[in-house]
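Colleague: I am new to this structure and should be grateful for a guided discussion of it. May I put my questions to you in turn?

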Amino acid sequence: MPKKKKYRDVDRPEYHIVNYLSYDDYSSRMLTCDHPVPPDRYDERVEDHLRVTGFYYASQIGIVQNQKALVNALVERWHPDTHTFHLPVGECAVTLEDVALILGLPTDGLPVTGMTISSFDALEAECLNQFGVAPRKSECRGSCIKLTWLRDLRERLQLVDEISIQRYVKCHIMLLIGTILFGDKSGASVH
């Protein structure tokens, strides 16, 4: 009789690795990556909103530092045809469950998708819809928004009503996506 595989409940916060980052004995074992931008802090009044969106635990990740030799070793063992790492002990794949346990992001429900914005006019319209204001062309890089524009907008928002709080949370989530979750080498913009 085959052994039944056990799955962890990824929605339980005690399983999320980010919960243990502040523990002294745990942080010494963390793989870290250098990132040119310090983490963005948020106004404490929006913490409940971040929890509802599922980005609270991701917002607790601090400065990401890098052990280049370890990252290079992983890159060398990556096989793009199978999307796995080939290690001496066998193949290793990063699953959606792994991402959920590491970052604490919800992975159930409908996927979050949207249109690919390829023109400034479409980007401007989407920013007006989401944030109530639009960046100038100089505050964009192609179809990406510069993180400085999002930071400035977030700092200018007065948290006086539900709409301004939602816009603040959207700005913060975009900053998380552009820095911690999907940051690139430039660390300067987000799609």
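Colleague: Is Val94 buried or exposed?

Modeller: The model is a predicted one, and the values that follow are computed from it. A residue counts as exposed when its relative accessible area is over 50%. The relative accessible area of Val94 is 53%, and therefore Val94 is exposed.

Colleague: Where in the chain is Val94 found, and which residues make a nonpolar surface patch with Val94?

Modeller: Val94 is found in the loop between β3 (90–92) and α4 (96–103). The nonpolar patch covers about 260 Å² of the surface. Besides Val94, the residues that make this patch are Leu96 and Val99.

Colleague: How many disulfides does the model have?

Modeller: A disulfide is a covalent bond between the sulfur atoms of two cysteines. The rule applied here asks for two cysteine sulfur atoms within 2.5 Å. For Cys140, the closest cysteine sulfur, in Cys127, is 6.5 Å away, which is too far for a bond. By this rule, the number of disulfides is 0.

Colleague: Is Cys140 buried or exposed, and how does Cys92 count?

Modeller: Buried means under 20% relative accessible area, and partly exposed lies between that value and 50%. Cys140 has a relative accessibility of 11%, so Cys140 is buried. With a relative accessibility of 33%, Cys92 counts as partly exposed.

Colleague: How many helices and strands are in the protein chain, and in what order do the elements run?

Modeller: The protein chain holds 7 helices and 6 strands. Read from the N terminus, the order is α-α-α-β-β-β-α-α-β-β-α-α-β.

Colleague: Which strands are at the edges of the open sheet?

Modeller: Strands of a sheet pair through backbone hydrogen bonds, either parallel or antiparallel. In this open sheet, 3 strands are arranged in the order β4-β5-β6, with antiparallel pairing. An edge strand pairs on one side only, and the strands that do so are β4 (140–141) and β6 (189–190).

Colleague: Which residue in β6 is the bridge partner of Ile145?

Modeller: Strand β5 comprises residues 144–146 and pairs with β6 in the antiparallel sense over 2 bridges. The bridge partner of Ile145 in β6 is Val190.

Colleague: What percentage of the exposed area of the protein chain do carbon and sulfur atoms supply?

Modeller: Of the 191 residues in the protein chain, 32% are buried. The area that the chain exposes is about 12900 Å². The share of this area supplied by carbon and sulfur atoms is 56%.

Note on methods: Residues are numbered from 1 along each chain as its sequence is written. This is a predicted model: local features need pLDDT of at least 70, side-chain atom pairs count only at pLDDT 80 or more; totals for chains, interfaces and linings use all residues. Side-chain values use heavy atoms; hydrogens and water are left out. Patches are made of residues with over 30% relative accessible area and no salt bridge: like charges are joined within 9 Å, nonpolar side chains (Val, Leu, Ile, Met, Phe, Trp, Tyr) within 5 Å. Accessible areas come from the Shrake-Rupley method with a 1.4 Å probe; for residues, only the protein chains shown count as cover. A salt bridge is a side-chain nitrogen of Lys or Arg within 4 Å of a carboxyl oxygen of Asp or Glu. Helices (H or I, at least four residues) and strands (E, at least two) are DSSP runs, numbered from the N terminus. Buried means under 20% relative accessible area, exposed over 50%, partly exposed in between (1.4 Å probe, protein chains only). Two strands pair if DSSP finds at least two bridges between them.
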